[in-house]
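Thank you all for coming. I would like to walk you through one structure this morning, so please bring it up on your screens and follow along as I go.

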Amino acid sequence: MIEAMPVLSAGAGLHETLALLTSQLRPDANHKADMVFLRDVFSERSLTYLMKIHEKLRQYERQSPIPVLHSASSLAEDVAEELQSGPMSVEEKELLHLLMSPHLRALLSVHDTVAQKNFDPVLPPLPDDFNDELEEESVKIVRLVKNKEPLGATIRRDESTGAVIVARIMKGGAADRSGLVHVGDELREVNGISVMHKRPDEISQLLSQSQGSITLKIIPAIKEEDRLKESKVFMRALFDYVPLEDKATPCQEAGLPFKRGDILQVVSQDDATWWQAKKVGDSNLRAGLIPSKQFQERRLAYRHKMGTLPNSKSPKQTAYDQGCDKEDCDCEGYFNGHYIAGLRRSFRLSRKDRQSPTGEANASDPTEPELLTYEEVTRYQQRPNERPRLVVLIGSLGARINELKQKVIAENPHRYAVAVPHTTRPRKSHEKEGVEYHFVSKQVFEADAQNNKFIEYGEYKDNLYGTSIEAIRSVQAKNKMCLVDVQPEALHTLRTAEFKPYVIFVKPRIHEGRRRRSASSPAAGEHGRLTEEDLQEMRQSAQQIEQEYDHLVDQVLIKEDTASACAELRIILERLEREAFWLPVSWVRN
């Protein structure tokens, strides 16, 4: 038990309180072991010492000590010299011996160093002509301490005056953190070296080579720009950027490299040509330069005009999953979650094959390039009362995404479903309206196609097949996640605020060096062995999709085999319902 403890005096220390607490511990029949343990802990000598040290430090802190003088070492020398100037008593001889002791002299020297705070950067002496300069303009001496990181500022030469001007301050850099250098300041000297007649590249090299402390002589801008608040604009990069390969950048050292798909936080757009940005998730707090959206679009448009920009809109054919190779086979081929009779591997469905009833192709003008720069995005998480996002699967040749989709749906039909396609072919005896297909007349189908009710459609053996927008809405109205597999060209139609599609690109793993007539490919399956020609066609199909549509893909699923691919797809779908993702701003703010 712990008895009532006597009242302590106001001056009692922490170690005294601990000693008193220990003395109040009394053994108890029910808690004897606990009491013994506490007494052993509280009686530990090292704990008592720690308490005393803590108390002394707190007392020292409350006193807020300051040095009495900053020259104790020189004062000791003066006293020693005074003692030696005449006869000394025994006490004076002992004092002289102490003052001349090397240990005491070293202690006093350290005292003076700390008292004077010599370990802090000390500003250099003002130049001799400083007063003359003050008569004409205000001069500011700035001392910055930087490590191996860049200074975080770029410069330019004023065309009219020839002065070296601070062009921009990189957010989070050494110059920005100091708060002493601003856009528009005129730079006169770096570490005492005049920059008045140096080229900008020479000045940049001088700044980058300076390590530790760096001293700048600056004439402040007449009107300093207001400090910009950190932007909340986020962009998804739609292209790769390597500053060292960009000759147009004002400072390659200040450039921010990024990959297509990276999320960038744009912290400054005050320069119409070069934005300042950080990569989301990057531990580096310093912003870097990236080309602005307008500037990058102008460059891409110029490259297209000069014929150096690859045309991403050229009408190329992309294959569906393959069906049976037998010419006379009436087995079912794949189309939007269901089979189409007699669909063989040679069948291709592309945008140029889709024509309206008037005979006009739906494909866009291939001469108009898609200038891929940035897409503004924001974080989004599906709320409980919202319809599930649409899941779109696209696949390269041999991916067989239909069986992948069907297996996942079969495992959980109450959670996932497919959009039932439309067809003009006659209904078979075992088929039901709205289950396998929506069976409609050719006139109705063509009218719906004319009114853009299909996300894609095609013709096979004089029969039309297509997936409608209403079929997707019908699934989502039941609060189910709709899975569709489409041609990549259909992504442009599906990328809307209504569907908020999550795009998964499925491609089979193709091992290099595989022998001709290989049977180990996951795409071979029931179709038997694949030749080297087949494998090469599969590689080209995947490369084509990556080149043209990679910027629209949210996830790449490498299909090693059906079982592992199904497991990975299930994980993706579960994450989609509970985690937040980056979506185009236009999808969320409508």
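Before I give any volume, let me say what I mean by a cavity: on a 1 Å grid over the protein atoms alone, a cavity is a set of points where a 1.4 Å probe fits but cannot get out. Please also keep in mind that this is a predicted model.

With that rule, the count comes to six cavities of 30 Å³ or more, and I will stay with the second largest cavity, which holds about 120 Å³ of space. Which residues are closest to its centre? Of the 13 residues that line this second largest cavity, those are Leu-151, Ala-153, Leu-207, Cys-251 and Glu-253. If we sort the lining by character, eight of its residues are nonpolar, four are polar and one is charged. Strand S2, residues 153–157, and helix H9, residues 200–209, each contribute at least two residues to the lining, and at the level of domains, at least three lining residues come from each of domain 3 (140–219) and domain 4 (233–306).

Let me turn now to the sheets, beginning with an open one of five strands, whose order is S15-S20-S14-S21-S22 and whose pairing is parallel. Strand S15 (416–418) and strand S22 (555–559) stand at the edges with a single partner strand each, so one side of each has no neighbour in the sheet. From one strand to the next, the twist averages 30°. Within this sheet, strand S14 (residues 391–395) and strand S21 (residues 502–508) run parallel and are joined by five bridges, and one pair to look for is Val-392, whose bridge partner in S21 is Val-503. Helix H16, residues 562–578, lies across S14, S15, strand S20 (481–485), S21 and S22, and runs at about 160° to S22.

The other sheet I want to show is also open, with six strands in the order S10-S9-S8-S7-S13-S23, but here the pairing is antiparallel. Its edge strands are S10 (288–291) and S23 (581–584), each of which pairs on one side only, and the twist averages 50° from one strand to the next. Four bridges connect strand S13 (residues 374–380) to S23, the two running antiparallel, and Tyr-380 stands opposite Phe-581 in S23. Finally, helix H10, residues 293–306, lies across strand S9 (274–279), S10 and S13, running at about 45° to S10.

Terms used:
Residues numbered from 1 in each chain as written. Predicted model: local features only at pLDDT ≥ 70, side-chain atom pairs only at ≥ 80, totals over all residues. Heavy atoms only, no water. Pairing = 2+ DSSP bridges. Axes fitted to C-alpha atoms, helices over the stretch in contact; angles between N-to-C directions. Contact = heavy atoms within 4.5 Å. 1 Å grid on protein atoms, 1.4 Å probe; cavity = no way out; pocket = protein on both sides within 12 Å on 5 of 7 lines; lining within 4 Å. Points joined across faces, edges and corners; volume = space filled by probe spheres on them. Nonpolar A, V, L, I, M, F, W, Y, C, P; charged D, E, K, R; others polar. Domains from an automatic or database assignment.
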